[in-house]
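Reader: I should like to learn how to read the local features of a model such as this one. Could we proceed feature by feature, with the general idea before the case?

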Amino acid sequence: MPAFSASAPGKIILFGEHAVVYSRPAIAVPVQQVQARAIVIPDPLAPRGRVWIQAPDINLDCAAGELSEESPLRKLIQILQAHFQIDHLPACILRVSSTIPVAAGLGSGAAISVACLRALSAFLGAPLAVEHVSALAYEIEKIYHGTPSGIDNTVVAYDRPVYFVHGQPIEFLSVRQPFTLVIGDTGRRSSTSGPVGALRQAWLANSPPYEALFDRACEIARSARSDLEAGTLSRLGSLMDENHALLVQMGVSSPELDRLVAAARAAGASGAKLSGGGWGGNMIALVEPELAEQVSTALLESGATHTLITQVRP
Ligand code: MEV
């Protein structure tokens with residue numbers, strides 16, 4: 001019996017995280033070196049409608065029905081059934097694995113959703129179009145944190161650099177010149193809901209200073225977009241530095257992130273910032289290709305648990 005498999009990349013946010021939740025633009029790119037993968041194996045001898053989940057990375061080996069109501073994988077199956085207007089899936093085993101660190105700002109939740117939606121819809125004989133994959137993954141993102149902008153599911157599902165504004169048609173970004181980034185992991189896990197929720201509370205209590213930060217992040221994302229499209233990268237690093245300073249003021253950085261950002265700059269990066277939700281997870285540094293190893297070593301010496309060198313290509 002055939003198996004149905006699908007994968008989806010990780011992502012990084014180059015500019016505009018958090019401000020994007022407040023309808024400002026943000027830029028994100030897929031990261032191919034890390035991937036989530038889903039495999040669906042038909043299980044015709046199992047009881048009717050039983051979906052058995054195997055996700056060794058998170059120690060799951062049970063029927064979907066045994067998962068808690070809030071479990072994203074359980075919700076994903078419900079959302080898929082509602083989309084196809086069926087009351088159960090044919091019995092199957094859903095195997096989920098991922099090399100994307102969880103709660104690290106690299107889009108692990110979105111990538112797992114996208115891979116599972118693709119593999120399960122192929123198993124149903126009705127592979128979902130990319131816009132439906134993204135829309136359904138967005139519904140699941142809401143479980144991870146209540147007010148997602150939609151940028152993670154979009155960049156992961158379309159697997160292309162995006163200039164994203166919540167509620168507006170997706171704009172893909174054509175990166176004119178390749179450039180190199182070093183991604184450094186603080187090793188501290190932080191789910192997006194923490195910093196997103198705290199920032200919302202702060203914004204609700206006193207919105208004007210936060211609105212000003214979001215406006216400045218918006219200008220930075222716009223400038224970065226025009227530089228990336230023109231292939232002029234000379235001020236991209238300083239735009240990253242400035243964006244990081246704004247994220248610090250939004251209260252979403254952490255001592256570990258600040259330390260790695262400073263270490264990357266001291267080792268010759270043109271600019272650096274946290275990427276994603278913050279409070280932990282990953283930071284990114286823009287580097288000349290010949291400095292990538294040097295910056296990576298400096299990050300490891302400053303406490304990064306691991307690093308990744310990636311090229312963003314046209
Ligand atoms: C998370 O990757 C990016 C945030 O801006 C949240 C969101 O856009 O939903 C922090």
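**Loops, backbone angles and the ligand site**

Author: Let us begin with one residue of a loop: Arg 24 lies between S1 and S2. Please keep in mind that this is a predicted model.

Reader: Is Arg 24 buried or exposed?

Author: The general idea is a cut-off: a residue counts as buried under 20% relative accessible area. Arg 24 has 11% relative accessibility and therefore counts as buried.

Reader: Which side chain does Arg 24 join through a polar contact?

Author: The partner is Asp 215; the polar contact between the two side chains is 2.9 Å.

Reader: How should one read the sign of phi?

Author: Most residues other than glycine have a negative phi. In this structure, Ser 23 has a positive phi, near 65°, and is not a glycine. Ser 23 is found in the loop between strand S1 (4–15) and strand S2 (26–42).

Reader: Where else does a residue other than glycine have a positive phi?

Author: Ala 103 is such a residue, with a phi of about 50°. Its place is the loop between strand S5 (92–98) and helix H2 (108–123).

Reader: Why do Ser 23 and Ala 103 count as partly exposed?

Author: The class of partly exposed residues lies between the cut-offs of 20% and 50% relative accessible area. Ser 23 belongs to it because its relative accessibility is 43%, and Ala 103 because its relative accessibility is 24%.

Reader: Let us turn to the ligand. Which residues come nearest to the ligand?

Author: A residue is counted around a molecule if one of its heavy atoms lies within 4 Å of it. Here there are 13 such residues around the ligand, and Lys 11, His 18, His 145, Ser 149 and Asp 152 come nearest. By character, the shell holds five nonpolar, five polar and three charged residues. S1 and helix H4 (151–158) each supply at least two residues of this shell.

Reader: What distances separate polar atoms of Lys 11, His 18 and Ser 149 from oxygen atoms of the ligand?

Author: For Lys 11, an N or O atom of the side chain is 2.9 Å from a ligand oxygen. For His 18, a polar backbone atom is 2.8 Å from an oxygen atom of the ligand. For Ser 149, a polar side-chain atom lies 2.5 Å from a ligand oxygen.

Reader: How much of the ligand's area does the protein bury?

Author: The ligand taken alone exposes 300 Å², and the protein buries 98% of that.

Reader: Where does the ligand sit?

Author: The ligand sits in the largest pocket.

Conventions. Residues numbered from 1 in each chain as written. Predicted model: local features only at pLDDT ≥ 70, side-chain atom pairs only at ≥ 80, totals over all residues. Heavy atoms only, no water. Helix = DSSP H or I, 4+ residues; strand = E, 2+ residues; numbered from the N terminus. Buried < 20%, exposed > 50% of the residue type's maximum accessible area, 1.4 Å probe, protein only. Polar contact = N/O pair within 3.5 Å; in protein donor to acceptor, adjacent residues only side chain to side chain. Areas by Shrake-Rupley, 256 points an atom, 1.4 Å probe, with all protein chains shown as cover. 1 Å grid on protein atoms, 1.4 Å probe; cavity = no way out; pocket = protein on both sides within 12 Å on 5 of 7 lines; lining within 4 Å. Sits in = over half its atoms within 2 Å of the grid points. Nonpolar A, V, L, I, M, F, W, Y, C, P; charged D, E, K, R; others polar.
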